[in-house]
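Visitor: I have a model open and would like a quick tour. Can we go through it by question and answer?

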Amino acid sequence: MSGIGDCIIGFVKKALFADFIKGLNITLKYNFSKSITLRYPDDEKWIPHKRWRGLHTLNKDDKGRELCVACELCARACPTNCITVVPMEDDTGKGITDRIAKIWTVDIVRCLFCGYCEDACPTRALRLGRDYELSVIDIKGTFKTKKELLQQKDIPEGVEGGVIAKARFVRTDDGIKVVADLGQTKKRKL
Ligand code: SF4
Ligand code: SF4
């Protein structure tokens with residue numbers, strides 16, 4: 001009996017275009033709702049939350065000394081072997097000890113952004129930062145070196161994130177770069 005009942009209901013629904021009207025209703029609803037599209041990168045830029053795992057950063061202490069002591073624990077912890085650390089002696093005060101990294105590279109093509117390396121670092125020299133714009137034109141650019149990773153970060157570690165910032169274009173030695181104006185941010189409305 002219920003089989004016949006379902007059949008009749010199905011026939012009535014088809015005759016009245018019920019599914020079509022349901023779909024149209026959803027489409028019309030979105031037509032009149034506010035757009036949540038981000039105008040990236042020309043006008044707006046997303047600032048990820050603090051917990052974001054983006055490109056690695058190598059950090060310094062308050063006195064400007066490198067925190068990395070080239071212990072290689074990050075390289076050992078990495079499941080994809082994408083970190084290379086070569087230690088060297090340095091008594092010029094560049095680092096917090098007289099052992100610093102001569103070479104520190106990460107291959108971001110092989111990186112899973114799992115954060116194991118960050119967890120293994122005993123001096124908090126290594127953090128996964130908030131840079132998510134990692135596309136490159138040349139494959140060699142996927143190897144990020146110590147020099148690049150030690151550079152000042154666009155978004156300071158203390159910034160909470162999770163907001164949209166006004167984008168600004170700035171001319172650098174490497175070409176035009178889009179930077180986020182942290183003075184002009186807004187929450188994303190969903
Ligand atoms: S985030 Fe994971 S995969 Fe990437 S370098 Fe660190 S340990 Fe390796
Ligand atoms: S980044 Fe941290 S774990 Fe990796 S070599 Fe330097 S001090 Fe050791």
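The turns below go from overall form to domains and their contact.

Visitor: What is the radius of gyration of the protein?
Guide: Keep in mind that this is a predicted model. A compact globule of 190 residues would come near 16 Å. The C-alpha atoms here fill a box of roughly 85 × 40 × 30 Å along the principal axes. The radius of gyration of the protein is 25 Å.

Visitor: What percentage of the residues count as buried?
Guide: Burial here needs 20 or more other C-beta atoms within 10 Å of a residue's own. The count runs over the 190 residues of the protein. The share that counts as buried is 16%.

Visitor: In what pattern do helices and strands follow each other along the sequence?
Guide: The protein has five helices and eight strands. Read along the sequence, they give α-α-β-β-α-β-β-α-β-β-α-β-β.

Visitor: Which domain is built from two segments?
Guide: Domain 1 covers 2-32. Domain 3 covers 53-155. The domain written as 35-50 + 158-190 is domain 2.

Visitor: How many residues does domain 3 give to the contact with domain 2?
Guide: The centres of domain 2 and domain 3 are 25 Å apart, taken over C-alpha atoms. Domain 2 brings six residues to the contact. From domain 3 the number is five.

Visitor: On the side of domain 2 that touches domain 3, how many residues are nonpolar?
Guide: No residue on that side of domain 2 is charged. One is polar. The nonpolar residues number five.

Key
Residues numbered from 1 in each chain as written. Chains lettered and ligands numbered in written order. Predicted model: local features only at pLDDT ≥ 70, side-chain atom pairs only at ≥ 80, totals over all residues. Domains from an automatic or database assignment. Contact = placed C-beta atoms within 7 Å. Nonpolar A, V, L, I, M, F, W, Y, C, P; charged D, E, K, R; others polar. Helix = DSSP H or I, 4+ residues; strand = E, 2+ residues; numbered from the N terminus. Rg over C-alpha atoms; globule rule 2.2 N^0.38 Å. Buried ≥ 20, exposed ≤ 12 C-beta atoms within 10 Å, placed from the backbone.
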